[in-house]
Amino acid sequence: MIYKRSSALFAEAEKVIPGGVNSPVRAFKGVGGTPIFVKEAKGAYLYDEDENRLVDYINSWGPMILGHAYEPVVNAVVEKAKKGTSFGMPTEIETQIAQLAVSMVPNIDKIRFVNSGTEACMSAVRLARGFTGKDKIIKFAGCYHGHSDSFLIQAGSGASTFGTPNSPGVTKGTAKDTLLARYNDVDNVSELIEANKNEIACIIIEPVAGNMGCIPPKSGFLQALRDLCDANNILLVFDEVMTGFRLAKGGCQELFHVKADIVCFGKVIGGGLPVGAFAAGNEIMNHLAPIGPVYQAGTLSGNPLAMAAGLAMLTELNNNPEVFKRLEEKTAYLHEGIAKVLNENKITHTINRVGSMISVHFDEAKVVDFDTAAKGNNDVFKAFFHGMLDAGVYIAPSAFETWFITDALSYEDLDFTIAAVNKVAKSL
Ligand SMILES: *Cc1c(COP(=O)(O)O)cnc(C)c1O
């Protein structure tokens, strides 16, 4: 395929935007080449500035779970925009989306809307610290919770692609309050708790990891964390920015029957507009300003356009819960198809999948944590990525990313993708 116009646009962008992108994972640093500039998108397809059509497996990194330019969402935003785009005053639609979210997700009474997943996780941790009166947090190597200081310690995703697990600019003081554990390793968490008795405010986790490829929690792992939290007066924070409203109506609490104390949202909850949210039971949420002492605010939080998009999206998912089953079936079909052709072509690989999150690792060992995820063969991944792109399929330009499946994908699209994998596998 030809990317003449994209390359020219990127050259212009680089002059005025660091690295030409407003978020590092969009650059092709991990795979080489220059990023593709999107002109428009509809359903399962992206159309770039050079008029190429690409089957999209990123879907804005998750939000477009029902496909691009999904009509109910677009219409809701257009109608709202005509009535003013921001007031900095309460609007009824904020209560409507809050009521719906609270009705869909288990164990939450109240929800606060913010503008990104980063803000949601950052605020959730502040709330956990304010509520428990303790300073330290436990996070897992390879989990990403946004780019706020406390989390940029082995942060997976973009941070891992670029080999800067600890970003300059994060102070030693901040870093020392973040304890790092191994994903899927209960004993490791237990040791950290013992070594930091009565100092840990919360454990924050992606209940299905999605920022070191997709890594499912081992059976019993999340429940073991719940038990450790209960025994040690620690809050369990589920970062469901990626999994929320994707893996099930009620997210991972519903899927794994484990209760979280605070839940973070982003991505799908905004229907493609900048939205994040964090939620918990009354006792915890009432610690937030203006009723409680923990401060958190936002000029554009609960913005009417963002709330209109989010409400339209959640309404669709709530009214059509068969979407989750359909997504599961489509992703399972893709999983089987890709595994079959990679096996036929004798390509060493491991595929991890939970519901509509899937990732292909080019290594034969099981991928269960950051260390095993990092072992994948990046040269094979690079060749795979560019081969797929040439064949008209867009996957994330990093081996540490999950593929996000959208319901807009037809079985013809999935067959097209499997055929592309087959073709690329022959050249690997
Ligand atoms: C994307 C993501 C975030 C950050 O959300 P932004 O909206 O990019 O700030 C946080 N946690 C997880 C699990 C994510 O996947």
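**Exercise 1. Size up the domain interface.**
How much area do domain 1 and domain 2 bury between them, and what part of it lies on carbon and sulfur atoms?

*Solution.*
Step 1. Domain 1 and domain 2 bury about 2900 Å² between them. Of this area, 69% is on carbon and sulfur atoms.
Step 2. Look for the main contributors. Phe324, Met357 and Phe370 supply 23% of the area that domain 1 buries against domain 2. No other three residues supply more.
Step 3. Keep the source in mind: the model is predicted.

**Exercise 2. Place the two domains.**
State which residues belong to each domain, and how far apart the C-alpha centres lie.

*Solution.*
Step 1. The domain assignment gives domain 1 as 4–69 + 322–425. Domain 2 is 71–319.
Step 2. The C-alpha centres of the two domains lie 25 Å apart.
Step 3. Count the residues in contact. Domain 1 gives 34 residues, and domain 2 gives 38 residues.

**Exercise 3. Describe the chemistry of the contact.**
How many salt bridges and how many polar residue pairs cross from domain 1 to domain 2?

*Solution.*
Step 1. Test for salt bridges, with a cut-off of 4 Å from nitrogen to carboxyl oxygen. The interface has zero.
Step 2. Test for polar contacts. There are 10 residue pairs, both partners at pLDDT 80 or more.
Step 3. Find the elements on the domain 1 side. α12 (322–344), β11 (350–354), β12 (357–361) and α13 (370–374) each supply at least two residues. The largest share, four residues, comes from β12.
Step 4. Sort the domain 1 side by type: 20 nonpolar, nine polar and five charged residues.

**Exercise 4. Trace the sheet that contains β12.**
In what order do the three strands run, and why is one side of β11 and of β14 left without a neighbour?

*Solution.*
Step 1. The order is β11-β12-β14, in an open sheet with antiparallel pairing.
Step 2. β11 and β14 (403–404) stand at the edges. Each has a single partner strand, so one side of each has no neighbour in the sheet.
Step 3. Check the join of β12 to β14. Two bridges link these antiparallel strands. Ile358 stands opposite Trp403 in β14.

**Exercise 5. Follow one salt bridge.**
Which parts of the chain does the pair Lys136 and Glu199 tie together?

*Solution.*
Step 1. Start with the total: the structure holds 16 salt bridges.
Step 2. Take one of them. The side chains of Lys136 and Glu199 meet at 3.5 Å, N to O.
Step 3. Locate the ends. Lys136 lies in strand β5 (residues 136–140), and Glu199 lies in the loop between α7 (186–195) and β7 (200–205). The pair therefore ties together parts that are 63 residues apart in sequence.

Methods: Residues numbered from 1 in each chain as written. Predicted model: local features only at pLDDT ≥ 70, side-chain atom pairs only at ≥ 80, totals over all residues. Heavy atoms only, no water. Domains from an automatic or database assignment. Contact = heavy atoms within 4.5 Å. Buried area = accessible area lost by both parts, 1.4 Å probe. Polar contact = N/O pair within 3.5 Å; in protein donor to acceptor, adjacent residues only side chain to side chain. Nonpolar A, V, L, I, M, F, W, Y, C, P; charged D, E, K, R; others polar. Pairing = 2+ DSSP bridges.
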